[in-house]
Amino acid sequence: MSITSVDVDHDNLTMTLIADFDAPIDQVWELWSDPRKLERWWGPPGYPATVEKHDLTPGGEKLRGMWRVTAVDPPSSLEFIDAFADSEWAPIADMPTHTVRVELSEREGGTRMEMRSTFESPEDMEILVKMGMVEGLRGAAAQMDPLLA
Amino acid sequence: MVVDELADGTVDELFHALADPTRRDILRRCAAGEPSVSRLAQAYPMSFAAVQKHVAVLERAGLITKTRHGREQLVRTDGDAVVRARRALDELETIWRGRVDRMSSLLGKGAARQGKTSTKGRSG
C-alpha cells in the first residue's frame, strides 16, 4: 500500500490523501503531466480517461473531464478545477466542479504526494461522485464485454 | 451505492439521468428540500408534463422518490443530507484508492512503500 493517510472532513467537504512512493519526484510528476501516463491511472481500468488536450499551464485544459489549471509549479505543485465537457468538448457550464490541489515533495528518498479535493456544496459533491462512480461502473462493464462475447 | 449492486441497465439510466442540466437542478432542489412536482414545474420555463417527465427519469434511476401528500406529489432524494454526503465522500475515497494503486503500478514494482496505513474520518 502506498496510501499513508486519508482524511475525510465532512464539515468542510474536503478529502485529503497522502501517499508515499519509492520513486523520484520527477517520475511522480510525470504521472500528472504526461497525458499518456495520466490516462492510464485517472480513469478506472478499461475506462482510460481520453486525454486529447493536456497542457499544464495556467489556463490549460484537459477535456472531458476537463481540467482548468489554476496554478502549476513543476514538479512540486498543481491546482486545477475538475469540470465536465460535453461530447463536442464544450464545457458544461452548470455542471458541478471541484478543486484539486496536488503537492509533491521529496521525502526519505522517495516522493510524498498530498492531494486535497474540495467541493462547493454537498449536492455538487454527490452529483460528481455519482458521475465518477458511473465512469467506474462503465469501465467494469467494458472489461466484462470481451469475456461475454 | 456499491458497484456490484448495479446492473448495466441501471448504470445507463443513472448516467442518462445525470447528463441533463434540468434534472441536475431538480436533484439539487430536492436535496435542499422536499418540493412538490407542481412547485418544481413553476421553477422552469417548460410545461408541467415536461417537468413530470424529468422527475420520472430521476425516479427510474433511483435518485429520487415520490410520495403522495394529500393532493400533492412530493419529491425527495433518498436518505438525509448528512448520510448522503458521508456516503459520497466514502465513494470518493474508494475512487482515489484505486487511482493511487494504479499510480504505484505505473511507477514500477517496489514503488509502493510498505508501511503503516491509517484511515481517519472526521465528522461533526
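In which strand of chain A is A:His98 found? A:His98 belongs to strand E6, residues 98-107 (strands, E, at least two residues, and helices, H or I, at least four, are DSSP runs numbered from the N terminus). This is a predicted model, in which local features need pLDDT of at least 70, side-chain atom pairs count only at pLDDT 80 or more, and totals for chains, interfaces and linings use all residues. Residues are numbered from 1 along each chain as its sequence is written, chains are lettered from A in the order in which they are written, and side-chain values use heavy atoms, without hydrogens and water.

A:His98 counts as buried because its relative accessibility is 8% (buried means under 20% relative accessible area, with a 1.4 Å probe and protein chains only). Its side chain makes a polar contact of 2.9 Å with that of A:Ser117 (a pair of N or O atoms within 3.5 Å, one able to donate a hydrogen and the other to accept it; residues adjacent in sequence count only if both atoms are side-chain atoms).

A:Arg112, in strand E7 (residues 110-119) of chain A, is also classed as buried, because its relative accessibility is 19%. The side chains of A:Arg112 and A:Asp20 share a polar contact of 3.0 Å.

The largest nonpolar core has 37 residues, and A:Leu17, A:Trp32 and A:Met113 touch the most other members (a core is a set of buried Ala, Val, Leu, Ile, Met, Phe, Trp, Tyr and Cys residues joined through side-chain atoms within 4.5 Å). Helix H5 (residues 81-106) of chain B gives the most to this core, six residues. A separate second core of 20 residues includes B:Leu18 and B:Cys30.

How values were computed. Buried < 20%, exposed > 50% of the residue type's maximum accessible area, 1.4 Å probe, protein only.
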